Every structure is written in structure tokens, then in C-alpha cells.
Protein chains: 2
Amino acid sequence: MTRSEENYLKTIFHLGGGDSKSITTNAIAEQMETKPSSVTDMAKKLSEKGLVDYVRYQGVSLTEVGVKTALSIIRKHRLWEVFLVKKLDFTWDEVHEVAEQLEHIKSEKLIDKLDELLDFPKYDPHGDPIPTKDGKFQERDEKLLSEIPINSQGVCVGVKDSSVPFLKFLDKNKIALGNTIKVLDKEDFDNSLRIQMEGKEMRISHQIAANLYVKKND
Amino acid sequence: MTRSEENYLKTIFHLGGGDSKSITTNAIAEQMETKPSSVTDMAKKLSEKGLVDYVRYQGVSLTEVGVKTALSIIRKHRLWEVFLVKKLDFTWDEVHEVAEQLEHIKSEKLIDKLDELLDFPKYDPHGDPIPTKDGKFQERDEKLLSEIPINSQGVCVGVKDSSVPFLKFLDKNKIALGNTIKVLDKEDFDNSLRIQMEGKEMRISHQIAANLYVKKND
DNA sequence: ATCTATTTTTAGCTTTGTCTAAATTTAATT
DNA sequence: AATTAAATTTAGACAAAGCTAAAAATAGAT
């Protein structure tokens with residue numbers, strides 16, 4: 001497993017190729033900021049190795065082994081993210097880049113012991129679930145804040161967009177995972193929301209609400 | 001800085017190329033288990049980049065920048081080794097391989113914070129000094145156990161050979177860093193030593209004694 | 001000082017992962 | 001059903017890092 005192969009598997013998984021859905025070379029190329037022709041080359045290679053099913057001109061999807069491999073990389077990525085935040089005081093907008101490197105370190109013992117050190121966390125700093133050693137996901141019934149009705153409330157449990165600018169915006173506005181948010185009102189005109197959070201009232205745009213996951217509790 | 005370039009710098013440093021001593025391509029090739037011709041190629045490349053001084057047929061030595069770079073990699077390697085032992089319960093014979101991977105992770109913040117988490121350790125699990133952030137070494141006046149006179153004693157502070165078999169041998173014989181060792185007698189015939197360690201008497205071969213560093217205290 | 005034996009370099013080839021440009025296939029539209 | 005636009009693949013090239021085999025330089029021995 002080269003680093004590059006691992007990155008392809010991870011990307012294909014994130015684009016939905018784990019559910020035997022075909023992902024186009026174009027989509028993969030765009031996501032990875034590379035060229036479709038390079039993706040084609042790698043598709044053949046991964047197909048040879050039995051990690052993806054590849055049909056010319058149709059795209060790729062992960063095989064069972066491919067899914068398992070992708071999950072193990074995602075597991076490593078997210079565990080390292082937790083480590084960086086919990087043990088080394090990184091902020092949630094700083095962890096991704098470093099975890100992209102750390103996820104490729106090869107040592108089963110390392111990752112098992114890291115998991116133990118962190119007390120077997122279930123979610124990473126962005127609220128994304130950490131697959132277990134045997135590749136299981138803990139699903140959670142979460143909804144986008146933009147999709148829950150007026151007067152209902154929930155706990156903020158994750159972000160959909162985990163780009164640095166969005167995360168910094170959330171920090172600046174004191175929106176953090178764990179906060180309870182209540183939808184007071186929605187504005188028809190621009191779909192913005194009036195919310196109550198930790199005692200304070202504020203207005204957020206639809207774009208923000210559409211990137212925050214909440215777990216409803218009423 | 002590619003991974004490969006970093007490995008070359010580290011090797012050259014370990015072979016003494018930091019003291020403007022010329023290291024032959026052959027020596028480097030042997031150490032790295034590669035071919036002399038490959039070393040020549042890399043020597044040119046590193047020379048281009050100003051990291052080594054290279055004279056055809058004479059060998060390479062590190063420039064000032066080269067030394068600084070090598071030390072920063074060695075610093076990372078040794079800090080990760082401490083992390084693995086102190087935080088993840090690795091044994092001292094397991095850490096090298098994983099640290100070889102971790103040393104190439106690029107993030108200044110990561111290594112600074114790791115240093116802090118570990119409480120700014122001065123030595124790695126094998127007793128090798130950890131360079132400071134600004135590339136200083138803490139020297140220690142240590143001697144090989146094989147070189148101290150009869151009836152003197154010292155604390156075991158490091159190993160010269162840190163191969164897995166040697167480290168496992170030491171574990172098996174309860175020889176650990178921190179132990180106080182007294183030389184009771186030397187055998188002329190095979191240069192083996194009779195020593196007293198932590199109350200017990202034992203005999204060790206010259207080869208063992210020549211790979212243990214002690215700090216004399218009488 | 002010359003001649004070997006050894007060391008080191010050069011030249012040319014291989015693999016991995018990428019790219020560009022051209023060719024091909026698919027899909028959409030009339 | 002034919003044509004065109006878009007997506008995808010192929011072919012050929014390149015850089016990095018390595019290798020082998022041949023050539024060149026050095027060092028040691030006479």
C-alpha cells in the first residue's frame with residue numbers, strides 16, 4: 001500500500017464509493033486536485049490489486065477489501081486528530097493537515113495504543129465518527145441545523161464542512177460542539193435563522209446552518 | 001526536503017559527516033543498504049541544494065545547513081521514541097522502526113508540543129541525547145563499560161548498539177539504563193568482565209561491555 | 001614509476017506517479 | 001438516427017529514486 005494508493009481509497013470512500021456506487025474519474029480528480037488521466041492510471045492499478053471495481057468509462061467503486069482499507073485509514077486520521085487536540089492543544093482547524101501525514105504511518109500497535117491512550121474516542125474533533133478496529137461505524141441520528149423545524153432544539157454534534165475558514169468562523173462566534181441550539185425563527189427571504197445558543201440569541205445564514213449537525217432532543 | 005534526502009542527511013551525520021569529515025559513498029551505501037551509484041546521484045542533488053559539500057571521488061560532508069537539518073530530524077526521531085515508550089508502552093526495541101516513519105512528519109508545532117508533552121526529555125530510550133530546538137547537543141562524559149578500570153563503577157546511561165537482539169539480550173539479563181554497575185574483574189583470556197549490578201554478580205562478554213555506556217561516579 | 005585492485009562515477013534503464021495532448025467513448029440534443 | 005459536446009482513456013513524456021554494467025579515478029604494492 002503506497003501513500004498515494006491510500007489517498008485514492010480514502011477519497012473514493014468519501015465520495016460515496018463504499019456503497020458500490022460508481023465514482024467518476026473526474027469527480028476523484030477534482031477532489032484530489034489532480035488530472036482525470038492520472039486517476040485512470042490509478043484506477044487500473046487498484047483494480048489489479050482487488051481494491052476497487054473499475055469499468056472503463058463508468059468509474060470505480062470500492063470492493064469489500066477496499067472499504068476495509070479505507071476505513072482503517074480514516075480511523076487512523078481521526079484518532080490522530082483527537083490526539084492532536086486532546087494531548088497537544090491543537091485547535092480543530094489545525095489538525096487536518098498534520099493528520100493527513102500521520103494517517104500513513106504503518107504500525108498496528110501504534111494505532112491500538114493511541115486509541116487506548118485517548119480512551120477509545122468515538123468521534124473526532126469535528127464530530128465525525130471514528131471507525132472501530134474491525135471497521136464498524138457508530139451511526140448517530142443527526143440532522144443539519146437547517147433542516148429542523150422552528151422551536152425544536154438540539155445539541156451541536158458535528159460540522160459538515162470542516163474547512164479552516166468555516167471552523168474559524170465558528171470559533172469567532174462561540175459556536176462549539178456540545179452547545180445546545182434552539183431554532184427560534186426562519187427568514188423566508190434568505191433562509192437565515194434566528195437561534196438561541198447558550199443563553200444568547202443570534203442570527204446565522206442558511207449556509208452556516210446547512211453545515212452544522214445537531215442531535216435533536218425535543 | 002524529500003523523505004529520501006532526509007534519510008541521507010541523517011545517515012551522513014551518523015557516520016561523522018557533521019565534523020566536516022568526508023564520508024565515502026561506499027560507507028553511506030553500506031549503511032543505507034543501497035548502491036554506491038545511487039549515493040553518488042543523491043550526493044550531487046544534496047550538493048546542489050547546499051546541504052553537503054561534495055567532491056568527486058572524495059566523498060561528502062555536511063554543510064552548516066546540512067548539520068542543522070540532520071539534527072532536526074534526529075531530534076524528531078528521538079522525541080518520537082520517547083513518546084512511544086512513555087505514552088504508548090512500547091519497549092525500547094520496538095521504537096526505532098516506527099520512529100523512522102514518524103521523524104518525517106512535517107509540522108513544527110507538532111514537535112514543539114510533543115516535546116512539551118514529554119516534559120522536554122534530554123535523552124531517548126537508548127540513552128542517546130536529544131538535540132534541542134536550536135540544534136544543540138547535551139554532551140555527557142560517558143565511557144564504554146569495557147574501558148573503565150577494575151573496581152570503578154558507574155551508572156548505565158546508554159547503549160552503543162541499539163539493535164533489537166542486543167536490546168532484548170539486555171532485557172533478558174535485567175540490564176537497564178539507570179542501573180549501577182561495578183567492574184569486579186577482567187579476564188585476560190577473552191576480555192570478559194565480572195560485574196556487580198543491583199546486588200547481583202554476573203559475567204558479561206567483552207562484546208556486551210563494549211556496547212554499554214556508563215557514567216563513572218568514582 | 002608503473003601496475004593492479006578497489007572505489008567511485010557515468011550512462012542508460014526501471015518503476016511510480018504524475019502530466020499533456022490526442023483519440024475514443026458516452027451522453028445529450030436535435 | 002445523426003451530430004455534437006463532454007467525459008474518459010490512451011499514448012507518450014517527465015521527475016524522483018533506484019538499479020546494473022561499463023568506464024574512470026584513486027590508492028596500494030611492487
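Student: Which polar side-chain atom lies 2.7 Å from a phosphate oxygen of DNA strand C, that is, which residue owns it?

Tutor: Keep in mind that this is a predicted model. Chain B offers two side chains here: an N or O atom in the side chain of B:Y54 is 2.3 Å from a phosphate oxygen of DNA strand C. The residue with the 2.7 Å value is B:T40.

Student: And which residue of chain A has a backbone N or O atom 3.1 Å from a phosphate oxygen of DNA strand C?

Tutor: Among the atoms of DNA strand C within 4 Å of the protein, 77% are in sugar or phosphate, and bases hold the rest. The backbone atom you're after also faces a phosphate oxygen, and it belongs to A:K35.

Student: Which residues come nearest to DNA strand C?

Tutor: Both chains take part: α1 (3-14) and α3 (36-48) of chain A, plus α2 (25-32) and α3 (36-48) of chain B, each give at least two residues to the surface near the strand. There are 20 residues around DNA strand C. The ones that come nearest are A:S38, A:K45, B:N26, B:K44 and B:Y54.

Student: How are the two copies related?

Tutor: Laying chain A on chain B takes a turn of 180 degrees and a shift of 0.0 Å along the axis, and the RMSD is 0.0 Å. The two copies are therefore related as by a two-fold rotation axis.

Student: In chain A, which C-alpha is nearest the axis?

Tutor: Start with the turn of 180 degrees that lays chain A on chain B. The C-alpha in question sits 3.8 Å from that axis, and its residue is A:L102.

Student: Why do we say the copies meet through the same surface?

Tutor: We look at the interface residues of chain A and ask how many are interface residues in chain B as well. The copies meet through the same surface because that share is 100%.

Student: Which residues have the most contacts inside the largest nonpolar core?

Tutor: In soluble globular proteins, nonpolar side chains tend to be buried together. Here the largest nonpolar core has 34 residues, and the ones with the most contacts inside it are A:W80, A:F83, A:L84, B:W80, B:F83 and B:L84. As for where the core comes from, at least two residues each are supplied by α4 (64-88), α5 (95-102) and α6 (108-117) of chain A, and by α4 (64-88), α5 (95-102) and α6 of chain B.

Student: Which residue of chain B is in contact with A:L84?

Tutor: Set aside the neighbours within four places in sequence. From chain A, the contacts of A:L84 are A:D89, A:F90, A:V95, A:V98, A:A99 and A:L102. From chain B, the contact is B:L110.

Student: Is B:R78 buried or exposed?

Tutor: B:R78 lies in helix α4 of chain B. Its relative accessible area is 10%, and the cut-off for buried is under 20%. So B:R78 is buried.

Student: Which backbone oxygen does the side chain of B:R78 reach?

Tutor: Not counting residues up to four places away in sequence, B:R78 touches B:H14, B:D124, B:D128, B:P129, B:I130 and B:F137. At 2.6 Å, its side chain reaches the backbone oxygen of B:P129.

Student: Where does B:K122 lie, and is it counted as buried or partly exposed?

Tutor: B:K122 is found in the loop between α6 (108-117) and β3 (143-144) of chain B. Beyond its neighbours within four places in sequence, B:K122 is in contact with B:D128, B:P129, B:I130 and B:Q138. With 48% relative accessibility, B:K122 counts as partly exposed.

Student: Which strands stand at the edges of the open sheet in chain A?

Tutor: The six strands are ordered β3-β8-β4-β5-β6-β7, with antiparallel pairing. An edge strand has a single partner, so one side is left without a neighbour in the sheet. The edges are β3 (143-144) and β7 (200-204).

Student: How many residues of strand β4 of chain A are buried?

Tutor: In the sheet, β4(A) pairs antiparallel with β5(A) over three bridges, and with strand β8 (residues 212-216) of chain A over five bridges. A:G154 stands opposite A:I181 in β5(A), while A:G158 stands opposite A:Y213 in β8(A). Strand β4 (residues 153-159) is largely enclosed by the rest of the structure, because the buried count among its seven residues is five.

Key: Residues are numbered from 1 along each chain as its sequence is written. Chains are lettered from A and ligands numbered from 1 in the order in which they are written. This is a predicted model: local features need pLDDT of at least 70, side-chain atom pairs count only at pLDDT 80 or more; totals for chains, interfaces and linings use all residues. Side-chain values use heavy atoms; hydrogens and water are left out. Helices (H or I, at least four residues) and strands (E, at least two) are DSSP runs, numbered from the N terminus. Buried means under 20% relative accessible area, exposed over 50%, partly exposed in between (1.4 Å probe, protein chains only). Contact means heavy atoms within 4.5 Å. A nonpolar core is a set of buried Ala, Val, Leu, Ile, Met, Phe, Trp, Tyr and Cys residues joined through side-chain atoms within 4.5 Å. Two strands pair if DSSP finds at least two bridges between them. A polar contact is a pair of N or O atoms within 3.5 Å; within protein, one must be able to donate a hydrogen and the other to accept it, and residues adjacent in sequence count only if both atoms are side-chain atoms. Copies are superposed by least squares on the C-alpha atoms of residues with pLDDT of at least 70 in both. A residue is near a molecule or strand if one of its heavy atoms lies within 4 Å of it.
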